[in-house]
Amino acid sequence: IPIAHPIFVLFGQSGIGKTSLAYSSRAPLLLDFDAGAHRAANRKDTLQITPWADVLDLMEHPEVLAPYATVIPDTVGRCLDVMTTDIIRETPKLGPNGNLSQQGWGVLKNRFRVWISSLRALGKDVLLVAHDREDKDGDTRIVRPDIVGGSLGEVLKVADFVGYLQMVGKDRVLDFSPTDRWVGKNPAQWAPFKVPPADKSRTFLTDLYDRGREALGRISEASAIAIQIVDERIRSGEEPVI
């Protein structure tokens with residue numbers, strides 16, 4: 001299964017430079033749901049999103065998206081809030097008292113998944129930017145992307161890589177490996193990355209996406225070889241060894 005367009009989640013505290021780093025992806029279009037892109041360094045093409053109709057209009061005109069290689073919802077938490085408002089406006093019974101019902105949450109997750117799949121079908125890389133949030137899990141405090149309700153699970157499910165951007169001393173460090181302190185997803189088994197200042201990291205995520213594609217390709221190839229070995233053993237009457 002070749003993964004030509006991996007989905008990355010980048011989350012971290014406010015002011016650490018997530019949006020500036022997002023602009024280092026290849027030919028990006030940033031969908032500014034938080035109205036905060038004006039504070040970022042190295043700004044590139046940006047579309048401020050207010051109602052979800054702005055996104056629907058964009059998706060109906062693929063020629064507008066054609067010049068862009070990467071689509072960046074910033075932040076994905078606010079993106080889901082805007083999508084929620086549109087669902088309740090469209091079908092009020094799914095949001096009694098302004099809060100989604102269980103059925104409404106199902107509609108939200110499905111619409112989000114379909115939208116992300118549509119972007120991939122258009123040949124776009126997707127970068128989901130999120131603030132961080134510290135939750136208590138028993139006696140442990142763990143940092144997760146700031147995404148409401150069951151939508152967090154859906155975001156983590158569709159993502160190929162989930163990286164936590166944090167300050168370690170005076171350095172910004174991007175870590176994809178999950179720990180007992182934060183969530184992550186790291187199929188490439190990358191060591192933590194030290195992120196240079198904004199003026200020296202203009203292609204940081206462009207390079208990382210290429211490395212991610214390569215890593216997922218190797219995993220897919222290794223899986224295919226393993227399946228072939230098992231199939232050959234079965235055809236020859238041998239006991240498959242996994």
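Let me begin with a term: a salt bridge, as I use it today, is a side-chain nitrogen of Lys or Arg within 4 Å of a carboxyl oxygen of Asp or Glu. Please keep in mind throughout that what we are looking at is a predicted model.

With that criterion, E154 and R113 form a salt bridge, their closest N and O atoms being 2.9 Å apart. The pair links distant parts of the chain, since E154 sits in helix α6, residues 151–158, while R113 belongs to helix α5, and the two are 41 residues apart. The two ends are not covered alike: E154 has a relative accessible area of 5% and, because the cut-off for buried is under 20%, it counts as buried, whereas R113, at 35%, is partly exposed.

Helix α5, which spans residues 102–121, also carries R111, and its partner E90 lies in helix α4, residues 76–90, so that here again distant parts of the chain are linked, 21 residues apart. In this salt bridge the N to O distance is 2.4 Å. R111 is partly exposed, with a relative accessible area of 28%, and E90 is likewise partly exposed, with 45%.

The structure holds 15 salt bridges in total, and one more that I would like to show joins R26 to D210, with the closest N and O atoms 3.0 Å apart. R26 is in the loop between α1 and β2, D210 is in helix α7, residues 204–235, and 184 residues separate them. Both are partly exposed, R26 at 34% relative accessibility and D210 at 32%. This pair does not stand alone, for salt bridges that share partners join R26, D125, D210 and R213 into one network.

Let me turn now from the side chains to the strands, and to β7 in particular. How many of the 8 residues of β7, residues 161–168, are buried? The count is 6, and the strand can therefore be called mostly covered. On one side of the pairing list we have strand β1, residues 7–12, which pairs with β7 in the parallel sense over 5 bridges, and within that pairing L10 stands opposite G163. Strand β8, residues 171–175, is also joined to β7 by 5 bridges, but these two strands run antiparallel, and there the bridge partner of Q166 is V173. The hairpin of β7 and β8 has 2 residues between the strands, and G169 in that hairpin takes a positive phi near 65°.

Note on methods
Residues are numbered from 1 along each chain as its sequence is written. This is a predicted model: local features need pLDDT of at least 70, side-chain atom pairs count only at pLDDT 80 or more; totals for chains, interfaces and linings use all residues. Side-chain values use heavy atoms; hydrogens and water are left out. Helices (H or I, at least four residues) and strands (E, at least two) are DSSP runs, numbered from the N terminus. Buried means under 20% relative accessible area, exposed over 50%, partly exposed in between (1.4 Å probe, protein chains only). Two strands pair if DSSP finds at least two bridges between them.
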